[in-house]
Amino acid sequence: MPHARPPAKVNLTLRVVGLREDGYHELSSVFLRIGLCDRLTVRAAAPGTAADTLNVQGLDGAAVSGNLVLKAFESLRAYTHLPLPALEATLDKQIPTAAGLGGGSSDAAAALRLAQAAWNVRVAPADELRLAESLGSDVPFFYLDMPAAHVSGRGETVTALSGLTGGVGVLLVTPAQRLSTAAVFAAYHRASEKVAGTQTAIESDTDAFVDGLSADDLPGWAARNRDANDLWPAAVSLASELGGLRDLLERRTGLPWLMSGSGSTLFALYPSAAEATDAGRALAAAELPVLADALIFAVDLVGPDPVWRYPWPSER
Ligand code: C5P
């Protein structure tokens, strides 16, 4: 049965470099694909089925109504102007939602590809990114399926970064409190009207990083770029416990912790997935109240499943 494993991403940097006339923000961000994937299956529905269907299982939080998988089917059908038959999709969520990991966008990109295969239609190359972007700002990155990229504009300008050499492990902590991307950008916008003129020095950080992405350099790079996410103050203004959680993770692990996207996931980079796993196990064993309802994942950059996770799905 045709299926895909849509991956998550983390943002190694996320600079807001302007406000566009359409209300979206102009971004400059380094995206890194990570080995934590949903599972999406798409097939033709039984003959006579009137509408596309989606069945969502796995982690809590992903709704069927308004799901980008169904929107991707609708957009592709509208694009082709053909009366294409209904599709039946199953989505097994392993990427936490509203967590800054791009899971919904990645599902949408995979749905766009699987639906083209199921219907045996092709989007013209010149239209692919426009269609992807119409589903969400992060969808072009996932549709292009790159290990790492510099992403700018609203999200539609995606430039591949050189491949990573050597091992990298990422330890992710997704707190129980999740954040709406729109709400975080709105909070950023309100605050930035008061504090102008901080962008220039920050932007050069991302430029330097775009020159090359060496896995061996990542941990050191993370230390220098701990605060390279402009949405952090806005996220903390909406989820005040994030600040304390980050302090605690840094004290416990001795590493800088970064926020992915608009949050609420925090992450640290390790030289290997095994070291990320050891650190995750130590955090889980400490039974910290602040992590009681959090999800913890140790991942490599390949996946498709985490190397280690806490709790295991059956434990909650
Ligand atoms: O594009 P997407 O639907 O994922 O964006 C969700 C929300 O995040 C948008 O409605 C917008 O408020 C905000 N956003 C933004 N600038 C971007 C991306 C997202 O302001 N580049």
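A residue is called buried when its relative accessible area is under 20% and exposed when that area is over 50%. The structure described here is a predicted model. In this model His81 has a relative accessible area of 74%, so it counts as exposed. His81 sits in the loop between H1 and E6. Its phi is positive, about 60°, although His81 is not a glycine. Most residues other than glycine have a negative phi.

Glu287 gives a second case of this kind. Glu287 has a positive phi of about 50° and is not a glycine either. The residue is placed in the loop between helix H10 (273–285) and strand E12 (295–299). With a relative accessibility of 68%, Glu287 is exposed.

The chain as a whole can be described next. Its secondary structure consists of ten helices and 13 strands. The protein chain has 316 residues and a radius of gyration of 19 Å, which agrees with the value near 20 Å for a compact globule. Along the principal axes, the C-alpha trace spans about 60 × 45 × 35 Å. Of the 316 residues, 51% are buried. Among contacts with a separation of 6 or more, 75% join residues that are 24 or more positions apart.

The surface and the charges complete this overview. The accessible surface of the protein chain is about 13700 Å², and carbon and sulfur atoms hold 54% of that area. The chain carries 25 positive and 35 negative charges, and the mean positions of these two sets are 4 Å apart.

Helix H1 leads up to the loop that holds His81. H1 covers residues 68–80, which is 13 residues. From its first C-alpha to its last it reaches 18 Å, close to the 18 Å expected at 1.5 Å a residue. An α-helix has 3.6 residues a turn, so residues three or four places apart point the same way. The buried residues of H1 are Leu68, Val69, Leu70, Ala72, Phe73, Ser75, Leu76 and Thr80. The cover over these buried residues includes three strands, E4 (39–44), E5 (53–58) and E6 (87–93). Helices H2 (103–119) and H3 (125–135) are also included in that cover.

Ser75 is a residue of helix H1 and is one of its buried residues. Which residues does Ser75 contact, leaving aside its neighbours within four places in sequence? They are Leu131 and Leu135. The C-alpha atoms of Ser75 and Ala132 are separated by 9.2 Å, although the two residues are 57 residues apart along the chain.

Phe31 offers a view from a strand, since its place is in E3 (residues 25–37). Is Phe31 buried or exposed? With a relative accessible area of 3%, Phe31 is buried. Beyond its neighbours within four places in sequence, Phe31 contacts Lys9, Val10, Asn11, Asp138, Phe141, Pro147, Ala148, Ala149 and Val151. Ala8 is 23 residues from Phe31 in sequence, and their C-alpha atoms are 9.9 Å apart.

Two peptide bonds remain to be pointed out. Most peptide bonds are trans. The bond from Gly263 to Ser264 is cis, with omega near 15°. Ser264 belongs to the loop between strand E10 (258–259) and strand E11 (266–270). The bond from Tyr310 to Pro311 is also cis, and its omega is near -10°. Pro311 is found in the segment after strand E13 (308–310).

Methods:
Residues are numbered from 1 along each chain as its sequence is written. This is a predicted model: local features need pLDDT of at least 70, side-chain atom pairs count only at pLDDT 80 or more; totals for chains, interfaces and linings use all residues. Side-chain values use heavy atoms; hydrogens and water are left out. Helices (H or I, at least four residues) and strands (E, at least two) are DSSP runs, numbered from the N terminus. The radius of gyration is taken over C-alpha atoms; the globule rule is 2.2 Å times the number of residues to the power 0.38. Buried means under 20% relative accessible area, exposed over 50%, partly exposed in between (1.4 Å probe, protein chains only). Contact means heavy atoms within 4.5 Å. Accessible areas come from the Shrake-Rupley method with a 1.4 Å probe; for residues, only the protein chains shown count as cover. Lys and Arg count as positive and Asp and Glu as negative; His and the chain ends are not counted. The place of a charge is taken as NZ of Lys, CZ of Arg, CG of Asp or CD of Glu. The expected span of a helix is 1.5 Å times one less than its number of residues.
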